[in-house]
Each structure stands twice: as C-alpha cells, then as structure tokens.
Amino acid sequence: MPSIQAHVMNLVFRCMPRDKPGQLHDYEAERKRNVRKPPRRQ
C-alpha cells in the first residue's frame, strides 16, 4: 500500500504543467518567467 507521502507526490506531479508531445521543455524561458514572479510568503 503506497504511503501518504507517495500519494501527495503523485498529486503534485499530476498537477504540474506538461509540455506537448515531442516538444522540448524550454528551461531558460521558465527561469525568466519565474524570476518575474513575486516571492511567496509563508
């Protein structure tokens, strides 16, 4: 039986955006987008 942590990680991975099939992920563009985001407060 999978652990609670495994269930949580499966949920996280299912919610992540996906690239279109055959398309390479543009990490540089992702970094540029993330730099513009305000920091999250905890």
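The following paragraphs describe the fold, surface and charge arrangement of a predicted model.

The chain contains two helices and zero strands, and its C-alpha atoms fill a box of roughly 40 × 35 × 10 Å when taken along the principal axes. Of the 42 residues in the chain, buried residues make up 0%, and the accessible surface of the chain comes to about 4900 Å², with 58% of this area belonging to carbon and sulfur atoms.

A nonpolar patch on the surface is formed by Ile4, Val8, Met9, Val12, Phe13 and Met16, which together present about 580 Å² of accessible area. Within this group, valine 12 lies in helix α1, which spans residues 4-15, and with a relative accessible area of 39% valine 12 is partly exposed, because this value falls between the limits of 20% and 50% that delimit the class.

With respect to charge, the mean positions of the 10 positive and 4 negative charges of the chain are 9 Å apart. The count of salt bridges comes to one, and this pairing joins lysine 32 to glutamate 28, whose closest N and O atoms are 3.4 Å apart, a distance that lies within the 4 Å cut-off. Both residues belong to helix α2 (residues 27-36), where, being four residues apart, lysine 32 and glutamate 28 are separated by about one helical turn. Neither partner is buried: lysine 32 counts as partly exposed at 48% relative accessibility, and glutamate 28 is likewise partly exposed, with a relative accessible area of 46%.

Note on methods:
Residues numbered from 1 in each chain as written. Predicted model: local features only at pLDDT ≥ 70, side-chain atom pairs only at ≥ 80, totals over all residues. Heavy atoms only, no water. Salt bridge = Lys/Arg side-chain N within 4 Å of Asp/Glu carboxyl O. Buried < 20%, exposed > 50% of the residue type's maximum accessible area, 1.4 Å probe, protein only. Patch = residues over 30% accessible without salt bridge, like charges linked within 9 Å, V, L, I, M, F, W, Y side chains within 5 Å. Areas by Shrake-Rupley, 256 points an atom, 1.4 Å probe, with all protein chains shown as cover. Lys, Arg positive; Asp, Glu negative; His and termini not counted. Charge placed at Lys NZ, Arg CZ, Asp CG, Glu CD.
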